Amino acid sequence: MADPDVILEMRDISKSFPGVKALQHVNFTVKRGEVHAICGENGAGKSTLMKVLSGVWPHGTYEGDIYYNGDLCTFKDIRASEHAGIVIIHQELALIPELSIAENMFIGNENAKSGVIDWVATNNKARELLARVGLREDPETPIKNIGVGKQQLVEIAKALNKDVQLLILDEPTAALNEEDSRHLLDLIRGLRSKGITCVIISHKLNEIEAIANSITIIRDGQTVETLDVDAGGVNEDRIIKGMVGRSLESRFPDHTPKIGEKFFEISGWTVQHPQVPDRLVCKNSSFFVRQGEIVGFAGLMGAGRTELMRSIFGHSYGNFVSGSMVLDGKPVKLDSVSKAIEAGIGYVTEDRKVLGLNLLDSVKTTTVSAELTKIASRLGVVDRHAEFVAAEDYRKQLRTKTPSVEYGVSKLSGGNQQKVVLAKWLFTDPELLILDEPTRGIDVGAKYEIYGIIQRLAESGKGVIVVSSELPELLGLSDRIYTICEGAITGCLDKREANQESLMRLMTTTTAKSA
Amino acid sequence: MDKLKQVFGGDTRQFGMIFALVALILFFQWWTGGLTLKADNVINIFQGNAYILVLAIGMVLVIIAGHIDLSVGSVAAAVGISVAMAIRDWSLPWPVAILFGLGVGALIGAWQGFWVAYVGIPAFIVTLAGMLIFRGLNQYIGKSNTVPVPEGFQKIGAGYLPEVGPNTDYNNLTLLLGFAIVAAIIFGTFRTRRNQAKIGATVEPMLVTLLRLGLISAAILAAMALMASGRPGTSMPLSGIILAVLVIIYGFISTRTVVGRHIYAVGGNRHAAELSGVKTKKIDFLVMMNMSMLAALAGMMFVARSTSSGPFDGVGWELDAIAAVFIGGAAVSGGVGTVVGSMIGGLVMAVLNNGLQLKGIGADMTQIIKGLVLLTAVAFDVFQKSQGRPSLIGRLMRNKPQDVAAPAQTDLGREAPVDQVVRTES
């Protein structure tokens with residue numbers, strides 16, 4: 001078994017969380033000295049696999065065996081895997097902004113004698129490591145003063161210090177501009193030539209095609225195939241086919257769209273990142289919604305879908321730069337959430353526990369919380385009778401499973417929590433309801449019911465926008481689908497012409513083209 | 001047995017905390033040989049703590065919204081001296097002076113609210129600064145002197161309900177007030193029952209309602225009769241009446257109005273509140289401003305009681321008020337707490353203070369005991385939460401009735417890891 005060409009072999013790895021199988025019998029083999037890419041849709045299990053490898057999920061919490069350099073490994077934490085020379089660099093960089101480059105590089109691994117840090121040695125060593133990654137910065141510069149691209153290089157330099165043999169990069173270029181991305185890819189090539197093996201998780205297929213020697217595709221927690229890029233014949237189309245090869249298995253309730261007039265339109269919508277003014281999260285976006293229409297928005301993580309929707313919803317994200325909005329034929333300027341709600345726009349947030357719910361509230365108080373004035377007197381006294389009636393009404397309509405409307409929302413299951421959030425927005429009687437990942441983390445049965453609620457809303461003549469990472473869901477639900485990549489709308493497909501391949505192509509295209 | 005539980009727990013969980021207060025009172029009654037429940041002592045407890053309880057009303061709203069206010073003692077002192085000087089030097093009639101004092105409080109509150117809400121400085125820092133600024137202002141305005149206030153003004157801190165009507169050995173107005181309160185509570189309870197029945201909500205058994213009403217009525221009437229039986233001229237203190245009115249108003253605002261709901265929403269989940277159209281900055285501003293206005297009122301009540309305003313009025317009040325709020329079941333992280341709970345928390349501290357004083361226990365031991373009580377009350381709360389059980393005090397104090405009997409019915413643990421899995425992919 002000790003094939004000297006193989007640095008890592010993960011055999012038959014399975015990992016489940018209560019209620020969901022994240023990985024099922026995954027096999028993954030990495031050859032020594034190659035760049036190996038892992039591709040898959042959001043939620044396919046890529047990161048979970050890497051967490052199993054690096055000891056975030058320790059030995060014993062998964063099934064299967066990991067062989068590293070021919071030896072069976074039983075990492076009990078990240079330190080153990082790092083000790084063996086496996087270093088993972090997460091998408092969210094683990095750097096402390098106020099500390100210097102050198103301090104960050106040696107954190108937890110300080111160059112110290114009896115607890116006293118030798119700063120001269122530390123900074124010298126840091127300078128040497130920085131030179132190896134081609135970063136010319138003073139090691140004493142605070143980390144917050146250098147850009148994200150350079151921070152990524154610091155992370156790699158930090159890994160080099162740990163005598164890394166197997167470097168895992170999770171979406172390393174997601175937050176980088178093109179120049180920084182190119183530089184990073186060059187660096188990875190350089191590491192390869194020095195014998196360091198890299199595993200790279202990325203959504204950017206053109207980069208993967210350019211750099212990887214092999215590609216393993218994961219779908220729904222299972223390995224689909226491993227492609228040998230060096231042998232030729234692998235291109236983006238081939239990768240996409242592997243990633244989405246799933247059939248439309250989710251079922252959808254019957255629904256006949258009754259599409260009316262265009263009533264909502266934005267054009268030239270441009271928004272800056274709230275902290276980084278020179279980064280645009282929405283670039284000159286334009287789209288429209290018709291009455292009774294369900295419009296889907298497809299895009300990979302970080303493409304700017306949520307940012308666009310929140311910006312439309314009362315400028316609740318980023319710094320608005322330019323753009324116009326027309327609602328019912330009249331130009332409107334909705335620069336606060338309350339104005340947006342008043343104008344008839346609702347927004348079901350993507351992370352219901354962080355952004356959507358006050359977990360201290362009951363079903364009843366949550367249902368009415370987005371439009372309290374509707375059940376309050378002019379002096380602002382809440383009519384508890386009306387509140388109860390409204391909450392009961394929506395509980396019955398949406399078939400929310402709760403012992404009573406007085407019950408705390410924190411104790412409901414995910415699907416029922418989502419129904420309560422939906423009730424909260426249906427209560428505001430929106431003309432346009434935006435749903436961001438409406439079925440994330442809920443089971444199939446509840447999904448089916450939520451699809452039904454969305455369709456009924458559209459049948460009553462309202463406009464619905466659905467943002468989702470699950471392409472089958474968008475294809476089954478939407479009448480029309482826009483694609484977003486890196487903050488720009490890259491295409492718009494009608495239900496008839498859309499399929500997973502055509503969407504995935506537009507979702508990974510950086511330049512806009514009409515389909 | 002279940003019914004009995006409902007009387008004390010059931011829907012209105014304030015009863016559990018009241019139970020602790022009653023136990024404390026009975027203990028001191030026994031330990032002090034009956035001194036605690038003497039009319040004069042009860043009147044004294046109310047009069048001597050009314051201003052702290054007024055502060056606690058404002059403080060609980062601040063804490064529910066997720067902030068804190070350390071400046072209340074200094075604000076009270078600054079307003080106290082301003083009012084005393086205004087009466088003395090500008091010959092302001094005392095009723096006008098009260099309005100003037102509230103105005104100064106509002107101005108100070110607007111100042112602090114501005115920094116917290118619109119500049120985004122944590123309230124801890126803003127009010128720490130305020131604590132220094134307004135203490136200094138008090139000493140600067142009054143040149144560190146003590147300034148007396150006229151007799152009319154003293155009424156709001158040291159006055160009582162007057163003696164009217166036939167001689168009954170009791171203060172008639174106090175008795176009447178007691179009857180009126182009991183009547184209002186009974187009327188309100190039955191109206192709620194009727195409404196609940198009309199809309200098909202669950203109505204508690206009649207027996208439970210009657211038992212609970214009986215207990216409340218008996219307690220209120222006993223307390224009023226006790227105070228009415230004091231020495232002629234002393235009875236229900238006016239400061240107690242001011243407090244009661246404020247409790248009713250703020251209790252109503254916090255539970256029944258849009259603004260109240262928004263305060264809980266901001267403290268419970270600021271992001272969710274913002275994305276539900278709540279103007280979170282306005283709420284922050286309002287709670288901070290309201291706190292300073294109530295601090296102004298508390299300051300004036302104290303000055304009235306002690307007949308003059310001095311440079312060391314209000315020192316340490318913020319801590320008493322904050323302690324009352326947390327003993328009363330509020331959460332440090334915000335979103336949880338009730339006005340009535342804070343009143344009970346404040347009374348626990350007051351009775352403790354008073355009982356130890358009656359026993360002649362020194363200020364040193366009193367402080368140690370009060371500190372330990374605060375720590376124990378909150379530690380118990382935290383312990384309950386970490387055990388996965390609903391927080392006892394929080395549960396007792398939640399105004400919203402919640403079904404705590406069947407938490408296992410829906411699968412709570414099942415969904416969370418799924419979310420986690422999805423998130424790992426981002």
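B:S91 is exposed in this predicted model, with a relative accessible area of 56%. This residue is found in chain B, in the loop between α4 (72–89) and α5 (94–119). Its phi is positive, about 50°, although B:S91 is not a glycine.

In chain A, A:D429 also has a positive phi without being a glycine; the value is near 55°. A:D429 lies in the loop that runs between α14 (414–427) and β19 (432–436) of chain A. With a relative accessible area of 47%, A:D429 is partly exposed, because it does not pass the 50% above which a residue counts as exposed.

| Residue | Phi | Relative accessible area |
|---|---|---|
| B:S91 | about 50° | 56% |
| A:D429 | near 55° | 47% |

The strand β19 of chain A that follows this loop belongs to an open sheet of six strands with mixed pairing, in the order β18-β19-β20-β15-β21-β22. Its edge strands, β18 (345–348) and β22 (488–494) of chain A, each pair on one side only. On average, and with direction ignored, neighbouring strands of the sheet are turned by 20° against each other.

β19(A) runs parallel to β20 (residues 463–467) of chain A, and five bridges join the two strands. In one of these pairings, A:L432 has A:G463 of β20(A) as its bridge partner.

Two helices of chain A contact these strands. Helix α9 (residues 305–312) packs on the sheet and touches β15 (294–298), β18, β19, β20 and β21 (480–485) of chain A. The direction of α9 makes about 135° with that of β15(A). Helix α17 (residues 500–507) of chain A lies across β15, β21 and β22 of chain A, and runs at about 35° to β21(A).

Technical notes: Residues are numbered from 1 along each chain as its sequence is written. Chains are lettered from A and ligands numbered from 1 in the order in which they are written. This is a predicted model: local features need pLDDT of at least 70, side-chain atom pairs count only at pLDDT 80 or more; totals for chains, interfaces and linings use all residues. Side-chain values use heavy atoms; hydrogens and water are left out. Helices (H or I, at least four residues) and strands (E, at least two) are DSSP runs, numbered from the N terminus. Buried means under 20% relative accessible area, exposed over 50%, partly exposed in between (1.4 Å probe, protein chains only). Two strands pair if DSSP finds at least two bridges between them. Axes are lines fitted to C-alpha atoms, for helices over the stretch in contact, and angles run from 0 to 180 degrees between N-to-C directions. Contact means heavy atoms within 4.5 Å.
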